[in-house]
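Reader: I would like to learn how to read a protein model, feature by feature. Please take one feature at a time, with the general idea before the case.

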Amino acid sequence: MACLSPSQLQKFQQDGFLVLEGFLSAEECAAMQQRIGEIVAEMDVPLHCRTEFSTQEEEQLRAQGSTDYFLSSGDKIRFFFEKGVFDEKGNFLVPPEKSVNKIGHALHAHDPVFKSITHSPKVQTLARSLGLQMPVVVQSMYIFKQPHFGGEVSPHQDASFLYTEPLGRVLGVWIAVEDATLENGCLWFIPGSHTRALVLIHGEVVHKSKQNLSDHSRQAYTFHLMEASGTTWSPENWLQPTAELPFPPLYT
């Protein structure tokens, strides 16, 4: 039940990532897609909050640094958009459901479907087999990678945004909700992976994805765990636990 073998553990330590094929069922992936469809259909984003999500680091820091909507999203479900989807007044130039880059950063806390996936027995078993003593969920995102203009994500390390002392305490869990291929912007360290593959991502491994120029989206659900035992979460991180939402323990 999602317990890693010694050889898988060794491979993860060696490569900084590990692909687990068929981790979720087709039904679990379909449930996430259906729920996201409902969330997007109900989305009501004020004009001044229509934030285009940039993947180029300088633009990102400039845009996000000045955007309270982004910086205060750690304990909420909020919407971030692809570049070029609004006119100068903030009206949609493309159908709203095709405009969203990602939804973040607290689906795991506020939505029952994503909460149940995040805290599922198999995810808990996986975390225990990695030796995590007191893992907490620090953030979650649903990434759309829209067809034709889903943006490139430049090479990065998650630990640089989610910094801890000591390092090595942050783990990314990336779940392909749809087929991830070379054409639609898969993670660069997967040579054409498949639906339902779960990918473990070490906080310090460098990874990226290319622009999606295909006709198909590449939806994924991803969340980050931190080993809370003996770890200091940097007060400099943009994402901070709040009184309303302290980082929830993974183990239930």
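Reader: Is β8 largely enclosed by the rest of the structure or largely in the open, and why?

Author: First, a caution: this is a predicted model. For burial, the idea is to compare the accessible area of a residue with a cut-off, and buried means under 20% relative accessible area. In β8, four of the five residues are buried, so the strand is largely enclosed by the rest of the structure.

Reader: What is the number of buried residues in helix α1?

Author: Helix α1 covers residues 6-15, and one of its 10 residues is buried, so this helix lies largely in the open. For the protein as a whole, buried residues make up 52% of the 252 residues.

Reader: How many helices and strands does the protein have?

Author: The secondary structure comes to eight helices and 11 strands.

Reader: In what order do the strands of the open sheet of seven strands stand?

Author: The general idea is that strands of a sheet pair through backbone hydrogen bonds, either parallel or antiparallel. Here the order is β1-β8-β7-β10-β4-β3-β2, and the pairing is antiparallel. β1 (17-20) and β2 (77-81) are the edge strands, each pairing on one side only. On average, and ignoring direction, neighbouring strands of this sheet are turned by 20° against each other.

Reader: Which strands does β8 pair with?

Author: In the sheet order, β8 stands between β1 and β7. Four bridges link β1 and β8 in the antiparallel sense, with L20 standing opposite L198 in β8. On the β7 side, five bridges join residues 170-176 to residues 198-202, and these two strands also run antiparallel. Two pairs can be picked out there: G172 has I201 as its bridge partner, and I175 has L198. L198 thus appears in both pairings, opposite L20 and as the partner of I175.

Reader: What does the contact pattern say about residues far apart in sequence?

Author: Take the contacts between residues at least 6 apart in sequence: 79% of them join residues at least 24 apart. For a single pair, look at K122 and L24, which are 98 residues apart in sequence, with their C-alpha atoms 9.0 Å apart in space. K122 is found in helix α7 (residues 121-129). Its relative accessible area is 17%, so K122 counts as buried.

Reader: Where does the model have a positive phi in a residue other than glycine?

Author: The background is that most residues other than glycine have a negative phi, and most peptide bonds are trans. K145 has a positive phi, near 45°. K145 is placed in the loop between β4 (135-143) and β5 (153-156). With a relative accessible area of 3%, K145 is buried. A glycine with a positive phi is G16, which follows α1 and has a value near 85°.

Reader: Which residues does a cis peptide bond join?

Author: One such bond joins G104 and H105, with omega about 5°. H105 lies in strand β3 (residues 100-105). Another joins E165 and P166, with omega about -5°. P166 lies in the loop between β6 (164-165) and β7.

Reader: How much space lies in the largest pocket?

Author: The idea is that rolling a probe the size of a water molecule over the atoms shows where empty space is left. About 220 Å³ of space lies in the largest pocket. Its lining includes F12 and Q13, together with V170, L171 and L225. α1, β7 and β10 (220-227) each supply at least two lining residues. By class, the lining has six nonpolar, four polar and two charged residues.

Reader: How many cavities of 30 Å³ or more are there?

Author: The count comes to two. The second largest cavity holds about 40 Å³ of space. Among the residues lining this cavity are G74, D75, H108, V137, V138 and F247. Its lining divides into six nonpolar residues, four polar and one charged.

Terms used. Residues numbered from 1 in each chain as written. Predicted model: local features only at pLDDT ≥ 70, side-chain atom pairs only at ≥ 80, totals over all residues. Heavy atoms only, no water. Pairing = 2+ DSSP bridges. Axes fitted to C-alpha atoms, helices over the stretch in contact; angles between N-to-C directions. Buried < 20%, exposed > 50% of the residue type's maximum accessible area, 1.4 Å probe, protein only. 1 Å grid on protein atoms, 1.4 Å probe; cavity = no way out; pocket = protein on both sides within 12 Å on 5 of 7 lines; lining within 4 Å. Points joined across faces, edges and corners; volume = space filled by probe spheres on them. Nonpolar A, V, L, I, M, F, W, Y, C, P; charged D, E, K, R; others polar. Contact = heavy atoms within 4.5 Å.
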